[in-house]
Amino acid sequence: MHVVIMGCGRVGSTLARSLEDRNHTVSIIDSEPDSFRRLGPEFNGDKITGYGFDQQVLEKAGIRRADAFAAVSSGDNSNIIAARVARETFGLQQVVARIYDPGRAEVYQRLGITTVATVKWTSDQILRRILPAGAEPDFRDPSGTIRVDHVPIPEAWIGNRTVEFQMQSRCRIAWIDRLGEGMLPTRESVLQEGDMLHLVMREEHAAHAYAVLEAGPEAD
């Protein structure tokens, strides 16, 4: 892939190096030439001084041959304008913008621009670490309908088949972390001590799923 990045701060420079490490080509744009020092001497991509919402600057960065565009500068307005130019003027489909204001992020998400709401993401990460299991999901889709949670297997469910748990809890086990590796459950899989379940469920079924987790399997 060829990826164009606007913003060479800590996020942009880390993203650029990570993409190069995966053998993708990168052009990175920033209005401050000194910012490119964050890339280090081993960075082989293009460094363009300018503003990522300037069409000529984007052209110089190779936007017409790009597969993706990421706007990760420190300004919400700049990121959104640049993302819209990349999407609407140049027809790029893979466009991501970092947004600090969660309310605005939701608006642009509905307009088809993938957004990463930095403040909300950080607060959600902290909430998941300080609240009891199930209080905050790992992921919730933009409509708020589907959530993904990860929970340790309760003792009451050890030795039972995954299919039985899914039927009773009305959720699906996306995968299981077991002994340091991920595994996809089958109809014959049995829950073991130490398993970490990654559950996909509808929001309205969450309370029921956690009640089933706590209560254990129903008697035959």
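Student: Into which domains is the chain divided?
Tutor: This is a predicted model, in which local features need pLDDT of at least 70, side-chain atom pairs count only at pLDDT 80 or more, and totals for chains, interfaces and linings use all residues. Residues are numbered from 1 along each chain as its sequence is written, and side-chain values use heavy atoms, with hydrogens and water left out. The bounds come from an automatic or database domain assignment. The chain is divided into domain 1 (2-123) and domain 2 (133-215).

Student: What distance separates the centres of domain 1 and domain 2?
Tutor: The centres are taken over C-alpha atoms. Between domain 1 and domain 2 they give a separation of 35 Å.

Student: Is the chain spread out or compact beside the globule rule, and what is its radius of gyration?
Tutor: The globule rule is 2.2 Å times the number of residues to the power 0.38, and the radius is taken over C-alpha atoms. For 220 residues the rule gives 17 Å, and the chain is well over this, so it is more spread out than a compact globule. Its radius of gyration is 22 Å.

Student: Why is the pair of Trp-157 and Phe-165 classed as it is?
Tutor: Rings of Phe, Tyr and Trp (its six-membered ring) pair if their centres lie within 6.5 Å; planes under 30 degrees apart count as stacked, over 60 as edge-to-face and the rest as tilted. The ring centres of Trp-157 and Phe-165 are 5.1 Å apart and their planes stand at 85°, so the pair is edge-to-face.
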